[in-house]
Amino acid sequence: SGRVTDGAKHFIHKSFVVLAPLSLICLVAFSISGNLVGRGLYYYAFTLVALMAAALILDVMVSRQSRLKSLLEMKWLVWLGSVSYGLYLWHWPIFFVVTYIYRWSGWTVILVGLPLALLATVLSYYGMEKPILEWKKRFSPASIPMTK
């Protein structure tokens with residue numbers, strides 16, 4: 001916006017070099033041990049999670065030399081992001097079948113369910129979703145030539 005001085009910008013960039021990786025480490029640690037219960041979770045922990053997530057978002061958006069931005073721009077992660085909704089949709093029924101029908105638990109569910117969910121996601125993305133999106137483009141108003 002032009003309201004931030006050069007000195008403040010320099011301080012912000014320098015602080016994100018430390019703050020962003022620290023936030024990422026804390027968020028991963030919280031995700032792994034996220035079975036914390038009690039009022040403190042709602043009063044303090046979720047606020048800290050939101051602040052750490054905001055720090056990561058700002059780092060990616062503001063910092064030119066953000067390591068997290070470089071990580072998130074990796075081709076396989078971009079691809080995973082493009083199919084993530086399908087993965088979200090497919091993982092639940094597959095994990096349900098593996099857990100409640102085959103009665104597997106723990107790491108077996110993840111080691112079997114995740115590759116199956118990825119396979120279903122890839123098949124539905126390339127076999128159904130992409131062709132439908134291409135078909136949709138042909139019939140969008142932008143593809144119809146305008147006549148006077």
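**Figure 1. Salt bridge between E134 and K137.** In this predicted model, E134 forms a salt bridge with K137, and the closest N and O atoms are 3.4 Å apart. The count of salt bridges comes to one. Both E134 and K137 belong to helix α6, where they are three residues apart, about one turn of the helix. E134 has a relative accessible area of 44% and is therefore partly exposed.

**Figure 2. Overview of the fold.** The protein contains six helices and zero strands. Read from the N terminus on, its elements follow the order α-α-α-α-α-α. Of the 148 residues in the protein, 17% are buried. The accessible surface comes to about 12100 Å², and carbon and sulfur atoms account for 70% of that surface. When contacts between residues at least 6 apart in sequence are considered, 54% of them join residues at least 24 apart.

**Figure 3. The largest nonpolar core.** Six residues make up the largest nonpolar core, namely L87, I94, V98, V109, A117 and A120. The elements that contribute two or more residues to this core are α5 and α6, the latter spanning residues 107–138. Another core lies apart from it and has five residues, including L27, M52, L56 and L68. Within the largest core is I94. With residues up to four places away in sequence not counted, I94 touches G113, L116, A117 and A120. Two of these partners, A117 and A120, are also listed as members of the largest core.

**Figure 4. Surroundings of S124 in helix α6.** S124 is located in helix α6. Its relative accessible area is 12%, and residues under 20% count as buried, so S124 is classed as buried. If neighbours within four places in sequence are left aside, S124 is in contact with W90 and E129.

**Figure 5. Aromatic ring pairs in and after helix α5.** A pair of aromatic rings is described by the distance of the centres and the angle of the planes. The structure holds five aromatic pairs. One of them joins F96 and Y100, whose ring centres are 5.0 Å apart and whose planes meet at 45°, a tilted arrangement. F96 and Y100 are four residues apart in helix α5 (residues 84–101), so about one helical turn separates them. With a relative accessibility of 35%, F96 counts as partly exposed. A further pair is formed by Y102 and W104, with 5.4 Å from centre to centre and 25° between the planes. Planes under 30 degrees apart count as stacked, so the Y102 and W104 pair falls in that class. Y102 is exposed, at 52% relative accessibility, whereas W104 is partly exposed, at 34%. Ring pairs also link W92, F96 and Y100 into a cluster.

**Figure 6. Backbone conformation at R103.** R103 is not a glycine, yet it has a positive phi of about 60°. This residue is placed in the loop between α5 and α6. At 65% relative accessibility, R103 counts as exposed.

**Figure 7. A nonpolar patch on the surface.** V4, F11, I12, I57, L58, M61 and V62 form a nonpolar patch on the surface. Together, these residues have about 660 Å² of accessible area. The elements that give two or more residues to the patch are α1 (6–32) and α2 (39–62). Helix α2 supplies the largest share, which is four residues. One of the patch residues, I57, lies in helix α2.

How values were computed:
Residues numbered from 1 in each chain as written. Predicted model: local features only at pLDDT ≥ 70, side-chain atom pairs only at ≥ 80, totals over all residues. Heavy atoms only, no water. Phe/Tyr/Trp six-rings, centres within 6.5 Å; stacked < 30°, edge-to-face > 60°. Buried < 20%, exposed > 50% of the residue type's maximum accessible area, 1.4 Å probe, protein only. Patch = residues over 30% accessible without salt bridge, like charges linked within 9 Å, V, L, I, M, F, W, Y side chains within 5 Å. Areas by Shrake-Rupley, 256 points an atom, 1.4 Å probe, with all protein chains shown as cover. Salt bridge = Lys/Arg side-chain N within 4 Å of Asp/Glu carboxyl O. Contact = heavy atoms within 4.5 Å. Core = buried A, V, L, I, M, F, W, Y, C linked by side-chain atoms within 4.5 Å.
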